[in-house]
Amino acid sequence: MDDEGQHVDSREHAVTLDAQDPLSEIRQEFLIPSKAQLKTKSLPQAESHDQFHDPSIYLCGNSLGLPPRLVSTRLQQHFATWSSQGVFGHFKPLTESPLPTWLDADSKASEMMAPIVGAHPAEVAIMETLTANLHLLMSAFYRPDINGRHKIILESKAFPSDHFVVETQIKHHSLDPTLSMIEISPPSQTSSLLTTEYILSIIDKHASDTALLLLPGIQFYTGQLFDIPAITAHARSLGIFVIWDLAHAVGNVPIQLHDWNVDAAAWCSYKYINAGPGAIGGLFVHERHSQGEFSGRLAGWWGSRKETRFAMDNHFDPISGAKGFQLSNPSILDITALNASLEVFAMAGGMEPIREKSVKITAYLEKLLRGSESFNMNLFEIITPVQPSRRGAQLSLKLRDGFLDVVMKELEDRSVVVDERKPDVIRVAPAPLYNTYGDCWAFVRAFGEALDVAVKAKKGELKAEGTKELEATT
Ligand SMILES: Cc1ncc(COP(=O)(O)O)c(C=O)c1O
């Protein structure tokens, strides 16, 4: 029971928590697909979300964040600029326009992104996409031919793109991945988690010939948040260059890249940053690595200083800081969408209140999952760490063998959106900017029903096979 005499797992309690939520108004800034829209197969006329709107339970911001309304407004304003100004949109400021000129759009974006990743604006470049940026960072900072250290350490369960980046960078230098690629595997058969101590022990083992460490801030499958400052400090003390892939961490947990002395990082903006599918990414390069001419960096004209960029004299005059890594002029459509979504972060008061709600709402979801009498804990396991300091907004639920397809279908039938990672995990992410305690409550109820259906289906299968195995646990 709570202070109001409500059961903590009741719908009324969820309503009370939503009423007390200081970020509850921010949900209005987002377009949440309705249940009917998710079932329709035709393109809606417009984003008319307000009439008769019965929102779906969307807990999938770890995969693709929902659109802020402001994105549509700012894109229309961008279109009005382009259509009324043509090429002058590059440098002509318009009165009453909230948009930067196209020439300044990337700087504006890095200014807005810097507090979210804990960096100086000069250490942030908004450019390209995550995988491309990892390659660009490695092309600059993985130089086995120069320093003789050839190994790159990553986790064995790294996101495939990260794995491919490391593997092909090694091959690109005519080295052999079986010798130069060190994968950290979970030491235990029963858990996918990697403790900090274990990671440090692998770093120690390979320290003398390791050039670079690439880890995710948050592991995509388990939702584990790594101890970025401790791992960075240890690896750097051994002469290893440290890159973090922040795909699942940016906009999700507080990050202090500058103060944590991280060498470099890259991220995407379509998950918790809500800038849209395939949105422009970003990278961080610590200020100690990006001053002046820099021999390792691949260059393009947009990395040149604005003052000399248009001189057309084939002299690369790099912007000091991360922006010197920029190659092409960025898509303004893309950057406008990102800047609009970053405006919503500012409206919410930045990462501190967002994280505060995230910790609470994720703990609430976990409590409902662990405490619900409507389903049996033997049917799934929460594989995300229990401690709030070791996770963001995502809980990964590992289901009993053979349950995944049925559970996903039943959730979808109930207009509950989560995502799956085969063979047996569903990921549930209460994104604090737009999710409610009510969403978590509704998910848990639907999940219980979905498990019931999965159990019945399994029992039917076992009966047909003449075994009784499942009965012991249900
Ligand atoms: C951890 C991680 N790394 C890399 C990627 C690939 O990102 P992109 O397709 O934007 O390069 C993703 C995509 O979700 C990811 O989650």
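**Thr 131, Leu 130 and the ligand**

Author: Thr 131 is found in helix H5, where a helix is a DSSP run of H or I with at least four residues, numbered from the N terminus. This is a predicted model, in which local features need pLDDT of at least 70 and side-chain atom pairs count only at pLDDT 80 or more, while totals for chains, interfaces and linings use all residues. Residues are numbered from 1 along each chain as its sequence is written, and side-chain values use heavy atoms, leaving out hydrogens and water.

Reader: Why is Thr 131 called partly exposed?

Author: Thr 131 has a relative accessible area of 30%, and because buried means under 20%, exposed over 50% and partly exposed in between (1.4 Å probe, protein chains only), Thr 131 counts as partly exposed.

Reader: What makes Leu 130 count as buried?

Author: The relative accessibility of Leu 130 is 10%, so Leu 130 counts as buried; Leu 130 also lies in helix H5, which covers residues 130-141.

Reader: Which residues does Thr 131 touch, not counting residues up to four places away in sequence?

Author: With those neighbours left out, Thr 131 touches Ser 161 and Val 165, contact meaning heavy atoms within 4.5 Å.

Reader: How do you know that the side chain of Thr 131 has an N or O atom in polar contact with the ligand?

Author: An oxygen atom of the ligand is 2.5 Å from an N or O atom in the side chain of Thr 131, and because a polar contact with the ligand is a pair of N or O atoms within 3.5 Å, this pair counts as one. For the side chain of Asp 162, the corresponding value is 2.8 Å, to a nitrogen atom of the ligand.

How values were computed: Polar contact = N/O pair within 3.5 Å; in protein donor to acceptor, adjacent residues only side chain to side chain. Helix = DSSP H or I, 4+ residues; strand = E, 2+ residues; numbered from the N terminus.
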